[in-house]
Amino acid sequence: MSEAIEYERIGDIAVLAANNPPVNALGVDVRRGLLAGVERAEAEGAKAVLIYGKGRTYFAGADIREFGKPPQDPWLPELCARIEASPLLVVSSIHGTALGGGLEVALSTHYRIAVPSAKVGLPEVHLGILPGAGGTQRLPRVAGTEAALDMITSGRHVRADEALKLGVIDRVAEGDPREIGLAYVQELLDSGAERRPVSEMPAPAPVDFDAVYEQVLKKGRGQISPATAVRAVQAACEAESFDAGMQRERELFMELMNSDQRKGLIHAFFAERAVGKLPELKGVEPRMLHQIGVIGGGTMGAGIATAALLSGLQVVMLEMSPEAAHAAKERIAGNLGGALKRGKLSQAQFDEIMENELTLATGYGALSNVDLVIEAVFEDMDVKKQVFTQLDAVCKQGAVLASNTSYLDINEIAAVTKRPQDVLGLHFFSPAHVMKLLEVVVADKTAPEVVATGFALGHRLKKVCVRAGVCDGFIGNRILSTYRTCADHMILDGASPYQIDKALTDFGFAMGPFAVADLAGLDIGWAVRKRKRAEGLDPRARDSNYADKLCEAGHFGQKTGKGYYIYEAGKRGGVPNPEVMPLIEAERAEKGITPREFTDEEIVRRYMASMVNEAARVVGEGIARRPLDVDVTLIYGYGFPRYRGGPMKWADLQGLPGLLADIKEWAKEDDYFWQPAPLLEQLVAEGRCFDDLNKEAS
Ligand code: T1G
């Protein structure tokens, strides 16, 4: 018997305990152990089988690491069918998270009990596939078609109490999964309970599947797995038999398994876990964090303070006047009010935080005992230097001094202190209590345990942390600046902001670059362009000024009601601002440019090639440790469609040689902007891809 499944007899009951840490994934050894265990129980004349998971959870799903490799017997659907067909009474006892294939195994058993904290779900659509071991056929039979469609297309985890109401599980009981499982099996045996093969239950009632399909497809914004899963559930209702439904599920599952979206989503799943694993942090202990200081209570500072308070940290909010401190407190209260409304916070917790966890201050002395400080003051190097000079004088030995700057040089900031080893960047994304990305910016002298402390703070704030080196814009903003410039070049050459935005939302971005600019504020881009002009632009750079004219007219986007789009109060989204194209046409004329047509395909190709090329530079220079760090940054901070896996995964799937060939072709028209990144040329020359670098680094 495989040690992945431990076999034990307790009287008439055979107990199969999964022992495959960390999450009892249904790898081939587990599947073989389950099959052998059921067969042994039958051969020995047991009356019932209890299946549960040791450690932290019941089966959390198929082993995702097996995807893309030749499948090994027994396949999960066949194993489920074999368990269900057993003449013995087969019962699951669930704790932790019974997800995907885990819930499908549970549904193939005849009864299901769970502890109150257990959750169940079929999250396969988040991996670009659909439940492929009978979940789309069995779940609707126990929970009904609507509930099954909701669970399968959303992939959400369902708590035990809701699962009980839906009929997904039969009993909820406090206690150890093994003990409550044995008691439940004995109760069933004593009462003469019958086997209950779900596959023999009546076919679920159909709904208007075409309407559901269209609605789910639209919501997927280009991701196809949820809508495809609707068709699998439809087969449960309409196929002439359970087996025919299973056949249809298998066909649709294989279609998705072979898709680029599955490759992209699986890559994203592992990348967001790998990104926090850095060899330089192995064995490095972060410093303790109980109280942090935040300097500057504007949108960013208040957001950072909110995230810290929600994580249980005490916060000292430093502002330069009592009025500003009070305004910061109001912003934080407003942010926490959102958590209150969503039920993430109770009123008592809200009051406790506002009365005891948050301290307002107007003097640096209040920061003398904090473990870490994050400054979120005006984006000006002189101002930052003044702040860090004060912090160096006031903060206790060992306090971590962090800047939230989005592009300024952390080395230069650290140099004004006597403790550069304690200085790093913690670049949050606005709103900081909502956006999950945190760039941990490591300066030349930042000590390893300070880096580890930055990651520990980020994880405590439930952020996805990415290590970044020091350069203008770190990882995300540096790449953004390049692909945004590419968009501006296409505007000058003939495309419109509205065509570009639509082409990129059709590609899967949540918003196009111009709608994003309106959201962030056109004054931010304006300040960057002015700064770069002041620093001295390369004469070969194609500078554009049409957007400056919008700002000079006071149009900063959503915050002024007008930018590339015009925004009406209470309405989502905006309509194109008719003042924009005349400004663009005037600049084209001024520059002697004859506009040309762009296809949506060319817009996406150029935009993505510029993103990948700059990302290759960022990886090549060590600003990002691996290509996957760029993927995670763009997915979590810049609305990159997750089902494409990030720009580097997308590039691998497209083929690097073709991208490099395009870049070289475009370099004939503009050899300043389109300079192939050395790393891209090297990988193409060696016949390698970005994922090879991820594997080498792990
Ligand atoms: N397969 C392989 N490894 C897995 C895994 C899985 N299903 N789930 C987690 N891991 C690894 C993960 O990479 C990490 O590894 C460690 O376990 C801890 O995970 C036929 C085909 C269960 C809620 O989609 O949602 O069944 O980094 O850091 O935050 O229809 O893991 O330590 O080396 O996430 O406590 C369906 C995916 C599969 C569940 C736990 N199942 N997993 O979260 O820990 S498809 C899923 C999760 C399927 C069938 C189809 C979460 C979790 P390492 P973690 P966590």
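## Exercises on helix packing, sheets and loops

Helix H27 passes helix H28 in a left-handed crossing, a term used when the near helix is turned anticlockwise from the far one by less than a right angle, a clockwise turn being called right-handed. The model is predicted, with local features needing pLDDT of at least 70 and side-chain atom pairs counting only at pLDDT 80 or more, while totals for chains, interfaces and linings use all residues. Residues are numbered from 1 along each chain as its sequence is written, and side-chain values use heavy atoms, with hydrogens and water left out. Helices (H or I, at least four residues) and strands (E, at least two) are DSSP runs, numbered from the N terminus.

**Exercise 1.** Describe how H27 and H28 cross, and which residues meet.

Step 1. Two packed helices are described by the angle between their axes and the distance between the axes. The axes of H27 (residues 656–667) and H28 (residues 678–686) come within 9 Å and cross at roughly 130°; axes are lines fitted to C-alpha atoms, for helices over the stretch in contact, and angles run from 0 to 180 degrees between N-to-C directions.

Step 2. H27 and H28 are therefore oblique to each other, since angles under 35 degrees count as roughly parallel, over 145 as roughly antiparallel, 65 to 115 as roughly perpendicular and the rest as oblique.

Step 3. On the H27 side, Leu656, Pro657, Leu660, Ile663 and Lys664 meet Leu680, Glu681, Leu683 and Val684 of H28, where contact means heavy atoms within 4.5 Å. These residues divide into 7 nonpolar, no polar and 2 charged (Ala, Val, Leu, Ile, Met, Phe, Trp, Tyr, Cys and Pro count as nonpolar, Asp, Glu, Lys and Arg as charged, and the others, Gly among them, as polar).

**Exercise 2.** Give the strand order of the sheet that contains S7, and identify the helix that packs on this sheet.

Step 1. The order is S5-S7-S8, in an open sheet of 3 strands with mixed pairing; two strands pair if DSSP finds at least two bridges between them.

Step 2. S5 (97–99) and S8 (158–159) are the edge strands, each pairing on one side only. S7 (residues 119–121) runs antiparallel to S8 and is joined to S8 by 2 bridges, with valine 120 having valine 158 as its bridge partner in S8.

Step 3. Helix H3 (residues 101–108) packs on this sheet and touches S5 and S7, its direction making about 85° with that of S5.

**Exercise 3.** In the sheet of 6 strands, find the edge strands and the sense in which S3 and S4 pair.

Step 1. This open sheet, also of mixed pairing, has the order S1-S2-S3-S4-S6-S9, and its edge strands are S1 (5–10) and S9 (171–172), each of which pairs on one side only.

Step 2. S3 (residues 48–53) and S4 (residues 89–94) pair in the parallel sense over 5 bridges, and leucine 50 stands opposite valine 91 in S4.

**Exercise 4.** Locate the cis peptide bonds at proline 22 and proline 431.

Step 1. The bond from proline 21 to proline 22 is cis, with omega near 5°, and proline 22 lies in the loop between S2 (13–18) and H1 (28–43). Asparagine 24 lies in the loop between S2 and H1 too, and its phi is near 55°, a positive value in a residue other than glycine.

Step 2. Serine 430 and proline 431 are joined by a cis bond with omega about -5°, and proline 431 lies in the loop between S15 (423–428) and S16 (437–441).
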